[in-house]
Amino acid sequence: LKDSEAAAEKRSHLIAIGMILVTCLCFSILDATAKYLTTFTHLPPLQVVWMRFVSHLVIAFFMFRMWAHPEIFRTDRPWLQFVRGLTMLGTTSFNFLAVQHLQLAETMSIFFAGPIVVTALAGPLLGEWAGIRRWAAIFVGFIGVLIIVQPGSGAMHWAVIYSVASMLCYALYALMTRMLTSTNSTIGMLVIPAVISSIAMTGPGLAVWVSPPDLFHWMLLLSTGVWGGLGHWIFIAAHRRAPAPLLAPFTYLQIIWMIGLGFLVFGDIPGSSTIIGASVVVASGLYILY
């Protein structure tokens, strides 16, 4: 019986890891879209943030028939849900501000300090302690990120403060997601932060509003809600299946998606340091999987 339970747990963890990889793809597409809209179309970042959550909420409203299921908004820890919604808003807002000034690989590299924060806090907050080998793999992955960034090779842009703030918000968001998954519905955890963020950003979003130039850019703007909502839905589902310290390091693999999108969308060709660093990151994730 114990062997079968252990096998089921391993299977659940593998599925959760796969979910995190899909989540990273969704968030990478979201970031690339936001960078395109704010850099090339010159839409204000706060407007893009607002529409990301509004479109997310509208899609969820019809998909889950929210008018017929008021129980979606029931929660036994409303204040924790509220703070989690604010951290989700902070993660998105600061990141969209950062990608306006920095390359995608730069923002992600700074963001990747998040798993270390998640792993460090998951022990005292969640009772999910990471072992020495997992800690070692996490730091190896972070070394891979530093190889990509090469922080001592030139002056860092002032906008890195946005990426640092986004990373800290994400770490808190991930921990609170894990804390709530045992007692709150996946749909509720997906919808409630979107409601909070949509309301909070309505004023700032309207104040800086600039109409997209054509239908294509309107579709891009509305698609931010699709990628963000889908990514967070899969993210929540993954944390139902596996502990936060196990999943946190696999967010490092998002750098692979970012390199690919940076090349396809913005013509960024990765240098040797990016390839070497990404290889280290992948090796770290594979070791943790082993």
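# Exercises on a predicted model

The count comes to 11 aromatic pairs in this structure, which is a predicted model. Let's work through some exercises together.

## Exercise 1: Two neighbouring rings

Describe how the rings of Phe61 and Phe62 are arranged, and decide how open each residue is.

*Solution.*
- Step 1. A pair of aromatic rings is described by the distance of the centres and the angle of the planes.
- Step 2. For Phe61 and Phe62, the centres are 5.2 Å apart and the planes make an angle of 85°.
- Step 3. Planes over 60 degrees apart count as edge-to-face, so the pair of Phe61 and Phe62 is edge-to-face.
- Step 4. Phe61 has a relative accessibility of 33%, so Phe61 is partly exposed. Phe62 reaches 56%, and therefore counts as exposed.
- Step 5. Now place Phe62: this residue belongs to helix α2, which covers residues 45-63.
- Step 6. Phe61 and Phe62 also help to make a nonpolar surface patch of about 430 Å², together with Val58 and Trp67.

## Exercise 2: A pair along a helix

Find out how Trp79 and Phe82 are placed in helix α3, and describe their ring pair.

*Solution.*
- Step 1. Start with the rings: Trp79 and Phe82 are 6.0 Å apart, centre to centre, with 85° between the planes, an edge-to-face pair.
- Step 2. Next, the helix. An α-helix has 3.6 residues a turn, so residues three or four places apart point the same way.
- Step 3. Trp79 and Phe82 are three residues apart in α3 (residues 78-99), so about one helical turn separates them.
- Step 4. Check the surface: Trp79 is exposed because its relative accessible area is 69%. Phe82, at 37%, is partly exposed.

One more group is worth finding in the structure: Tyr36, Phe40 and Phe266 form one aromatic cluster.

## Exercise 3: Looking for disulfides

How many disulfides does the structure hold? Check Cys24 and Cys169.

*Solution.*
- Step 1. A disulfide is a covalent bond between the sulfur atoms of two cysteines.
- Step 2. The cut-off to use is a sulfur-to-sulfur distance within 2.5 Å.
- Step 3. The structure holds zero disulfides.
- Step 4. For Cys24, the nearest cysteine sulfur belongs to Cys26 and is 9.3 Å away, and Cys24 is in no disulfide.
- Step 5. For Cys169, the nearest cysteine sulfur is that of Cys24, 18 Å away, and Cys169 is in no disulfide either.
- Step 6. Buried means under 20% relative accessible area. Cys24 has 3%, so Cys24 is buried. Cys169 has 16%, so Cys169 is buried too.

## Exercise 4: A bent helix

Where does helix α5 bend, and by how much?

*Solution.*
- Step 1. Locate α5 at residues 114-126.
- Step 2. The bend is about 25° and sits at Ala120.
- Step 3. Look a little further along: a proline, Pro124, follows within four residues.
- Step 4. Several residues of α5 are buried, among them Ile116, Val118 and Ala122.
- Step 5. Just after the helix, Gly127 takes a positive phi of about 75°.

## Exercise 5: Sequence and space

Compare the separation in sequence with that in space for Ile288 and Met19, and then for Thr202 and Leu125.

*Solution.*
- Step 1. Ile288 and Met19 are 269 residues apart in sequence, with 16 Å from C-alpha to C-alpha.
- Step 2. Ile288 lies in helix α12 (residues 272-289), and its relative accessibility of 12% is why this residue counts as buried.
- Step 3. Thr202 and Leu125 are 77 residues apart in sequence, with 33 Å from C-alpha to C-alpha.
- Step 4. Thr202 lies in helix α8 (residues 186-207) and is partly exposed, with a relative accessible area of 29%.

How values were computed. Residues numbered from 1 in each chain as written. Predicted model: local features only at pLDDT ≥ 70, side-chain atom pairs only at ≥ 80, totals over all residues. Heavy atoms only, no water. Patch = residues over 30% accessible without salt bridge, like charges linked within 9 Å, V, L, I, M, F, W, Y side chains within 5 Å. Areas by Shrake-Rupley, 256 points an atom, 1.4 Å probe, with all protein chains shown as cover. Salt bridge = Lys/Arg side-chain N within 4 Å of Asp/Glu carboxyl O. Helix = DSSP H or I, 4+ residues; strand = E, 2+ residues; numbered from the N terminus. Bend = angle between axes of the 7 residues up to and from the residue. Buried < 20%, exposed > 50% of the residue type's maximum accessible area, 1.4 Å probe, protein only. Phe/Tyr/Trp six-rings, centres within 6.5 Å; stacked < 30°, edge-to-face > 60°.
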